[in-house]
Amino acid sequence: MKSLIIISLVLFVLILFNITNGKGNEFQVPPPPFSEGIFPCSDCHSAMEPNAKHRILEEHTDIILHHDEGNRWCLDCHNKDNRDYLKLADGRLVDFSESYKLCGQCHGDKYRDWKLGIHGKRTGFWNGQKEYRLCAHCHNPHSPRFKELKPEPAPLKPQKDMRVKKHE
Ligand code: HEC
Ligand code: HEC
Ligand code: HEC
Ligand code: HEC
């Protein structure tokens, strides 16, 4: 009887652990792929006045927007007042470790596939903890389209004299 109680207690704790485990961040991901020294953004931005004007920037000159050409600007995705967060269309703030929520607003089909492990990359255990790669680990959010691969030259046409002549 005593052992039965112990066993059910252990089971109870295990079940409880399983339920609480994985809550918090919905998907476990490696750290976002920031350039060195750029995060937290608030290091610079907390002392600056946000400027929503579409303009040529004197900072972040490595960023060139090639995404939904002409329709997007920085503060569609980056939060205006606290630059350490992204912003969804409905105004909710999102941590950079959950940037897939931002992408998922417009790329719902890819987001659905990503959650199932069909698009992107997922590693871990089939029946346990999994680690996902953020969309941003593969796609540059500012210029997400992959460069087209240069095609290899076509194979040479086989010619008669390429064969080894055995019986003349
Ligand atoms: C489509 C949404 C989107 C738009 C538009 C956008 N960003 Fe971003 N940006 C992101 C996301 C998502 C990341 C996070 C990438 C990561 O996880 O490393 C990011 C990262 C950055 C970073 C850090 C880059 C680094 O080197 O690590 C800077 C700086 C930045 N954005 C500035 C800008 C500026 C300036 C603009 C406008 C010219 C802009 N962003 C437009 C989504 C966007
Ligand atoms: C080294 C300081 C520095 C850091 C760190 C920095 N920024 Fe900036 N950022 C600036 C400056 C300066 C400007 C204004 C440039 C201009 O007006 O020409 C700017 C402008 C911007 C803008 C354009 C909108 C605005 O308010 O002017 C966005 C968006 C932006 N930064 C996003 C980011 C994000 C996201 C990060 C962190 C991932 C980041 N920045 C980190 C210095 C910084
Ligand atoms: C506000 C809507 C919006 C958001 C948010 C957004 N995108 Fe896009 N994205 C677009 C549109 C529109 C296009 C252009 C569609 C096209 O050319 O087929 C596009 C194009 C792309 C492409 C190129 C598609 C192709 O045909 O090659 C990729 C990859 C992509 N986005 C990834 C992302 C990622 C990753 C994020 C999050 C960091 C993101 N997008 C956030 C609207 C959005
Ligand atoms: C492990 C890398 C990886 C991750 C993570 C990833 N993608 Fe992709 N994505 C790719 C590759 C490779 C392609 C091009 C081949 C293809 O179409 O499947 C692509 C293609 C796309 C396209 C263009 C597809 C088309 O039909 O033309 C979109 C849009 C896109 N991804 C969005 C996303 C979004 C949104 C996320 C996150 C929810 C994401 N991707 C996560 C690697 C990745």
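What pLDDT does the protein average, and what share of the residues score at least 70? The structure described here is a predicted model, in which the protein averages a pLDDT of 87 and 83% of the residues score at least 70. An exception is formed by residues 18-23, over which pLDDT stays under 50 and for which the model has zero contacts beyond four places in sequence. Where pLDDT is low, the predicted coordinates should not be read in detail.

The secondary structure of the protein consists of six helices and four strands, and from the N terminus on these elements follow one another in the order α-α-α-β-β-α-α-β-β-α. Of the 168 residues in the protein, 5% are buried. Among the contacts with a separation of 6 or more, 51% are made by residues 24 or more positions apart.

The largest nonpolar core comprises seven residues, namely Leu86, Tyr100, Leu102, Cys103, Trp114, Leu134 and Cys135. Helix 4 contributes the largest share of this core, with three residues. For Leu102, a member of the core, the contacts that remain when neighbours within four places in sequence are left aside are with Cys77, Leu86, Leu88 and Val94.

The surroundings of three ligands were examined in turn. Around ligand 1 there are 23 residues, of which Pro32, Ser35, Cys74, Cys77 and Pro141 come nearest. Helix 3, which spans residues 74-77, gives the most to this shell, with three residues, and by class the shell divides into 15 nonpolar, six polar and two charged residues.

Ligand 2 has 16 residues around it, and those that come nearest are Cys41, Cys44, Glu58, Glu59 and Cys74. Cys74 is thus named among the nearest residues of ligand 2 and also among those of ligand 1. Helix 2 (42-45) and helix 3 each supply at least two residues of the shell around ligand 2, with helix 2 providing the largest share, three residues. The shell is made up of eight nonpolar, four polar and four charged residues.

Around ligand 4 there are 16 residues, and Trp114, Gly120, Lys121, Cys135 and Cys138 come nearest. Two or more residues of this shell are given by each of helix 4 (100-104), helix 5 (108-116) and helix 6 (135-138). Its residues fall into seven nonpolar, six polar and three charged. Trp114 and Cys135, listed among the nearest residues of ligand 4, also belong to the largest nonpolar core.

Several features of the backbone were found in the loops between helices. In the loop between helix 1 (2-20) and helix 2 lies Pro40, which is joined to Phe39 by a cis peptide bond with an omega of about 0°. The loop between helix 2 and helix 3 holds His60, a residue that is not a glycine and yet has a positive phi of about 55°. His60 is classed as exposed because 10 other C-beta atoms lie within 10 Å, where the limit for an exposed residue is 12 or fewer. Asp68 also lies in the loop between helix 2 and helix 3, and its phi is likewise positive, at about 50°, although Asp68 is not a glycine. With 10 C-beta neighbours inside 10 Å, Asp68 therefore counts as exposed.

The loop between strand 2 (93-94) and helix 4 includes Ser97 and Ser99. Ser97 has 14 C-beta neighbours inside 10 Å and so counts as partly exposed. Although 70 residues separate Ser97 from Phe27 in sequence, the two are 9.1 Å apart in space, C-alpha to C-alpha. When neighbours within four places in sequence are left aside, Ser97 is in contact with Asn25, Val29 and Pro32. Ser99 counts as partly exposed because it has 19 C-beta neighbours inside 10 Å, whereas 20 or more would be required for a buried residue. Ser99 and Pro32 are 67 residues apart in sequence, while their C-alpha atoms are 8.7 Å apart in space. Not counting residues up to four places away in sequence, Ser99 touches Pro32, Leu86, Val94, Leu134, Cys135 and Ala136. Of these contact partners, Leu86, Leu134 and Cys135 are members of the largest nonpolar core, and Pro32 is one of the residues that come nearest to ligand 1.

Notes
Residues numbered from 1 in each chain as written. Chains lettered and ligands numbered in written order. Predicted model: local features only at pLDDT ≥ 70, side-chain atom pairs only at ≥ 80, totals over all residues. Near = placed C-beta within 6 Å. Nonpolar A, V, L, I, M, F, W, Y, C, P; charged D, E, K, R; others polar. Core = buried A, V, L, I, M, F, W, Y, C linked by C-beta atoms within 7 Å. Contact = placed C-beta atoms within 7 Å. pLDDT = per-residue confidence, 0-100.
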